[in-house]
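Reader: I'm new to reading protein models, and the vocabulary keeps tripping me up. Could you walk me through this one and tell me how you justify each word?

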Amino acid sequence: MIMIAVVFLLVLIAFVLNRCILYRRFLSQVDNLPGLRCLFSPFSAVGAMLPTGRFNPGMNWNWIWRNRVYESFSSDTISIVPFVLGPPMVYTRSAEAIKQILSGSSSFHKTAETTAPIRLWGNSVFAADHDDYKRHRRIVGPSFTSNTYPPLWRESASLYNEMVESEGWPDSKVTSEIHIPSASRLASKFTMAIIARCAFGQPIAWQRDINHASDSVEEKALQDMPFGDALRAVSEGAICRLAAPRWAYKLGIKTLSDLDRAYTSLRKFMTAFAAFRRAEIAEKSVGVGSVENDLFTRLVVANEKEGKNGLTDDELIGNTFAFLFAGHETSAHVLAATLALLALHQDKQEAVVEQINAVFSAGHETSYEDYPKLDKVLACFLEACRLFPAGAFLIRDTTEEVRLRSTTGGLLSTMTLPEGTRVVVDMIGYHNHPEYFPDPDAFKPERWYGQHLESELTMFGFGPRACLGRKFAMVEAVCFLAHIFRDWKLDIILLPGESRAAWRARVLQGRLLGLAFGVKDVPLRMTRRV
Ligand code: HEM
């Protein structure tokens with residue numbers, strides 16, 4: 001017994017000594033920048049699982065402690081140095097530092113480790129780097145053309161109509177009410193169906209709870225699981241897929257075997273789909289110019305043109321997954337936050353409704369031509385995205401020694417970071433910074449009126465790797481929101497005696513949901529406008 005205790009003590013002493021040496025090395029790696037000193041790094045397995053607290057910042061610290069931590073260290077760039085587990089990191093909310101990191105310089109790159117959840121199926125434009133990235137972007141970029149948006153609007157409008165005509169929605173023209181238990185689930189169902197229709201050409205229907213198996217040739221390849229189910233399971237299970245070791249799938253755990261089945265089904269589907277589209281292209285029945293093309297078909301067309309420099313089947317599927325992940329969860333979370341914030345702020349909702357009524361005259365069938373006229377609706381979406389940026393952190397590692405410039409209160413400072421230092425662009429910190437966004441907690445869509453965002457640092461990133469699907473997200477969102485608010489008045493559901501401010505503090509708490517950041521399960525009341 002004593003022997004075991006001695007061995008244990010010796011191991012403990014060796015561990016502590018080792019960590020002390022590492023800790024000193026970590027401090028010098030982050031150039032002794034002030035910051036959080038803790039037990040676990042936010043992205044380590046243990047640190048990510050434990051809640052935010054004094055000894056563990058956790059993944060959500062930059063939301064929970066926003067506008068407090070940087071202030072307390074008087075620096076817009078800080079370090080996080082763990083004692084027990086995980087690498088040291090530099091977090092920044094300084095515009096100067098963020099632009100340097102995201103400007104496309106070869107001094108920063110995305111690593112296989114930090115992009116692992118989206119590499120599960122193969123490399124993609126989202127995860128690739130250096131020359132490999134250029135190849136992906138050259139082929140994937142043309143998927144998003146001006147032809148993408150009119151059909152996207154049509155699909156979004158038609159899906160909205162299906163939604164309100166479906167069971168459970170009041171169908172009379174008199175004032176009637178519906179309770180939405182979760183704005184996030186509603187938005188998620190919408191964006192999932194849209195990505196299936198517009199990215200994969202799959203006619204997923206609202207009414208059948210997106211489990212509808214189509215008769216399409218491609219989908220016949222997917223016999224084990226309906227497309228909608230597989231898509232949803234894969235999208236929601238990415239972290240689980242990554243965390244569970246391969247042997248765990250042999251233990252007969254139902255969640256894991258269902259997830260495995262979803263992955264296998266979807267891979268089978270995508271492989272069959274790619275082969276089918278290639279055959280169509282060979283017969284010249286599909287072309288880039290056709291407005292009927294979905295994103296995936298455009299991708300296959302562009303890939304065929306590349307010949308031997310094209311993407312492999314794995315890379316093609318990896319990019320499809322990137323569309324799926326990047327295009328579904330992000331938009332859903334921001335849409336849910338927009339619905340919630342407009343329900344909370346009735347005055348902003350009325351301003352938006354006034355514009356919608358002016359643009360959508362009675363009996364008018366809406367079209368993509370309405371999109372530029374609905375700038376107030378877009379501004380609400382952007383403001384919700386500022387408060388709850390779906391891409392909450394953008395992670396890069398240094399590829400060589402870097403002198404990182406950061407400003408705090410207009411004062412410039414420079415730090416030297418050696419090769420291999422992990423740097424996190426804190427999108428929540430930046431977008432809630434009072435210097436860049438005065439009165440940051442306030443929901444003020446007016447901030448975005450008349451803004452031209454293309455080359456700016458926004459919630460969609462910055463520089464050459466900024467979001468490829470930004471316009472896709474904005475068109476889909478404006479169409480959905482304009483239709484909803486044309487027909488419905490949204491309101492929040494207060495507890496007895498609760499104020500609107502208390503409701504916001506209770507319900508609108510951001511967190512990582514799957515791979516993106518957002519608000520969860522906001523219940524809302526919708527009353528038909530007469
Ligand atoms: C509100 C919705 C969205 C937000 C907030 C958002 C945010 C972002 C951000 C911040 C990045 C940059 C990542 C980085 O630098 O590491 C990004 C990249 C990307 N996004 Fe989005 N996104 C949204 C919707 C979409 C949609 C709808 C699609 C596709 C249909 C999409 C496709 C992509 C792709 C392919 C990239 C990688 C671009 C590259 O590396 O070249 N996103 N997104």
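Author: Sure. This is a predicted model. Let's begin with Asp521, which sits in the loop between strand S12 (516–519) and S13.

Reader: Is Asp521 buried or exposed, and how do you know?

Author: Count its neighbours. Asp521 has 12 C-beta neighbours inside 10 Å. A residue is called exposed at 12 or fewer, so Asp521 counts as exposed. Its backbone deserves a look too: Asp521 has a positive phi of about 45 degrees, although it is not a glycine.

Reader: Which other residue has a positive phi without being a glycine?

Author: Take Asn67, with phi near 60 degrees. You'll find Asn67 in the loop between helix H3 (61–64) and helix H4 (69–72).

Reader: Why is Asn67 called partly exposed?

Author: Asn67 has 15 other C-beta atoms within 10 Å. Buried takes 20 or more, and exposed takes 12 or fewer. The value for Asn67 falls in between, so the label is partly exposed.

Reader: What makes Cys380 buried, then?

Author: Cys380 has 27 other C-beta atoms within 10 Å. The cut-off is 20 or more, so Cys380 is buried. Cys380 belongs to helix H15 (residues 375–387). Leaving out residues up to four places away in sequence, it touches Thr338, Leu342, Lys348, Val352, Pro445 and Leu481.

Reader: How do you know that H15 meets helix H14?

Author: Look at the contacts between residues. Lys348, Ala351, Val352, Gln355 and Ile356 of H14 meet Lys376, Val377 and Cys380 of H15. By class, that contact has five nonpolar, one polar and two charged residues.

Reader: What describes the way two helices pack?

Author: The angle between their axes and the distance between the axes. For H14 (residues 346–359) and H15, the axes come within 8 Å and cross at roughly 145 degrees.

Reader: On to sheets. Why do you say S5 and S10 are at the edges?

Author: Read the strand order. Three strands form an open sheet, S5-S13-S10, with antiparallel pairing. Strand S5 (177–180) and strand S10 (488–492) each have a single partner strand, so one side of each is left without a neighbour in the sheet. Ignoring direction, neighbouring strands here are turned by 25 degrees against each other on average.

Reader: How do you know that S5 and S13 pair?

Author: Two strands pair if there are at least two bridges between them. Four bridges join S5 to strand S13 (residues 524–528), and these strands run antiparallel. For example, the bridge partner of His179 in S13 is Arg525.

Reader: What is the order of the sheet with six strands?

Author: That open sheet runs S1-S2-S3-S9-S6-S4, and its pairing is mixed. Its edge strands are strand S1 (35–40) and strand S4 (108–109), because each pairs on one side only. Within the sheet, strand S3 (residues 89–92) and strand S9 (residues 422–426) run parallel and share four bridges. Val90 stands opposite Val423 in S9.

Reader: And what makes S7 and S8 a pair?

Author: Strand S7 (residues 402–408) and strand S8 (residues 411–417) are joined by seven bridges in the antiparallel sense. The requirement is at least two, so they pair. Thr407 stands opposite Leu412 in S8. The hairpin has two residues between the strands, and Gly409 takes a positive phi near 55 degrees there.

Reader: There's a ligand as well. What surrounds it?

Author: There are 25 residues around the ligand, and Gly327, Gly391, Gly461, Cys467 and Gly469 come nearest. Helix H13 (313–344) and helix H17 (470–487) are the elements giving two or more residues to that shell. The largest share, seven residues, comes from H13. By class, the shell has 17 nonpolar, six polar and two charged residues.

Reader: Last one: why is the whole chain called as compact as a globular protein of its length?

Author: The chain has 18 helices and 13 strands. Its radius of gyration is 24 Å, close to the 24 Å that the globule rule gives for 530 residues, so the description fits. Along its principal axes, the C-alpha trace spans about 80 × 60 × 50 Å. Of the 530 residues, 44% count as buried.

Key
Residues numbered from 1 in each chain as written. Predicted model: local features only at pLDDT ≥ 70, side-chain atom pairs only at ≥ 80, totals over all residues. Contact = placed C-beta atoms within 7 Å. Near = placed C-beta within 6 Å. Nonpolar A, V, L, I, M, F, W, Y, C, P; charged D, E, K, R; others polar. Rg over C-alpha atoms; globule rule 2.2 N^0.38 Å. Axes fitted to C-alpha atoms, helices over the stretch in contact; angles between N-to-C directions.
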